[in-house]
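The text below goes through one protein model, moving from an aromatic contact to the chain as a whole and then to a hairpin. Please keep the sequence and the coordinates at hand.

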Amino acid sequence: MAHLSLQDVSVHFGGLQALTEVSFDLAPGEILSLIGPNGAGKTTIFNAITGVYRLSGGAVLYDGVPLAGLRPHRIIERGIARTFQNIRLFTAMTALENVMVARHCRTKSTVVGAVLRLPSQRREERAVRDRAMAALRFAGLEAFADVAAKNLPYGLQRRLEIARALGSDPKTILLDEPAAGLNPSESRELMDTIGRIAESGINVLLVEHDMSVVMNLSDRVVVLDHGVLISQGRPEEVRRDPAVITAYLGAEAAV
């Protein structure tokens with residue numbers, strides 16, 4: 001089972017300290033939420049884990065193995081997938097095709113096999129399609145498989161990003177503000193989907209501003225402020241932490 005560990009992770013951009021010695025673990029089967037004000041360093045953590053940013057200090061370990069120096073596609077191959085704060089779908093492609101793209105890290109066909117349409121290549125293509133359909137079905141999008149991504153409502157585009165991430169068969173999934181822009185009904189459907197992801201054995205690291213999602217869904221919460229970890233614990237503990245109330249949630253959260 002995958003286990004993600006950040007150990008004194010720092011990320012600096014010149015004189016700007018985006019993260020300063022941040023440490024926390026993501027346990028097997030856990031839903032862990034990262035919260036904090038805008039600019040606190042939440043997405044920076046995602047970029048540090050997935051190889052987009054180089055670490056200035058510390059280490060990111062996955063199953064006990066450092067990820068430093070690996071390119072993003074190699075980290076996906078290790079079993080870490082992510083979504084993005086701003087939707088990044090292939091808008092002209094169908095929902096099914098978007099998810100099939102995520103399977104590239106699990107395929108073995110060669111250029112020669114694709115050109116000659118060898119039996120092994122055709123079998124793999126069918127397997128890719130079947131796995132992509134399974135991911136769409138999991139996200140409740142099977143009926144939209146042949147619809148271009150650009151023609152899907154915003155809420156379904158958000159779920160399609162999650163389905164695409166699931167298409168790579170991750171052991172850990174990083175969700176960057178998946179509830180942004182959703183109405184209450186869509187948020188409830190999202191929470192159900194994320195809960196089922198965790199129940200399937202996939203670890204979830206969640207960045208989210210919707211406190212109803214965070215407090216009702218998370219096993220634990222990590223709070224950042226200006227790139228520094230100021231609190232971590234169970235939702236009810238973090239909710240009443242004076243440092244968190246001051247930095248982010250507001251005084252009414254302590255009631």
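Is Tyr53 buried, partly exposed or exposed? The model is a predicted one, and in it Tyr53 has a relative accessibility of 30%. Buried would require under 20% and exposed over 50%, so Tyr53 counts as partly exposed. Phe13 falls into that class too, because its relative accessible area is 39%.

These two residues belong together for another reason. One aromatic pair turns up when the whole structure is searched. Its members are Phe13 and Tyr53, whose ring centres are 5.1 Å apart. The ring planes meet at 80°, so the pair is edge-to-face, given that planes over 60 degrees apart fall under that heading. Along the chain the partners are 40 residues apart, and the pair links distant parts of it. Phe13 belongs to strand 1, which covers residues 4–13, while Tyr53 sits in the loop between helix 1 (42–49) and strand 4 (57–62).

A ring elsewhere has a charged neighbour. Arg196 is placed over the face of Phe138, at a distance of 4.5 Å from the ring centre.

Next comes the chain as a whole. Its secondary structure consists of 10 helices and 10 strands. The chain has 255 residues, and 48% of them are buried. Of the contacts with a separation of 6 or more, 67% are between residues 24 or more positions apart. The exposed surface comes to about 12000 Å², with carbon and sulfur atoms supplying 52% of that area.

The last stop is a hairpin. Strand 9 (residues 220–225) and strand 10 (residues 228–233) run antiparallel and are joined by five bridges. One of the residues with a bridge partner is Val221, which is matched with Gly233 in strand 10. Two residues lie between the strands of this hairpin, and His226 adopts a positive phi near 55°.

How is Ser231 placed within this part of the structure? Ser231 is a residue of strand 10. Its relative accessible area is 7%, so Ser231 is buried, the limit being 20%. Leaving aside residues up to four places away in sequence, Ser231 touches Val221, Val222, Val223, Val238, Asp241 and Val244. The side chain of Ser231 also makes a polar contact of 2.8 Å with the side chain of Asp241. In a regular strand, side chains alternate between the two faces of the sheet.

Note on methods: Residues are numbered from 1 along each chain as its sequence is written. This is a predicted model: local features need pLDDT of at least 70, side-chain atom pairs count only at pLDDT 80 or more; totals for chains, interfaces and linings use all residues. Side-chain values use heavy atoms; hydrogens and water are left out. Rings of Phe, Tyr and Trp (its six-membered ring) pair if their centres lie within 6.5 Å; planes under 30 degrees apart count as stacked, over 60 as edge-to-face and the rest as tilted. Helices (H or I, at least four residues) and strands (E, at least two) are DSSP runs, numbered from the N terminus. Buried means under 20% relative accessible area, exposed over 50%, partly exposed in between (1.4 Å probe, protein chains only). A charge sits over a ring if NZ of Lys or CZ of Arg is within 6 Å of the ring centre and within 35 degrees of the ring normal. Contact means heavy atoms within 4.5 Å. Accessible areas come from the Shrake-Rupley method with a 1.4 Å probe; for residues, only the protein chains shown count as cover. Two strands pair if DSSP finds at least two bridges between them. A polar contact is a pair of N or O atoms within 3.5 Å; within protein, one must be able to donate a hydrogen and the other to accept it, and residues adjacent in sequence count only if both atoms are side-chain atoms.
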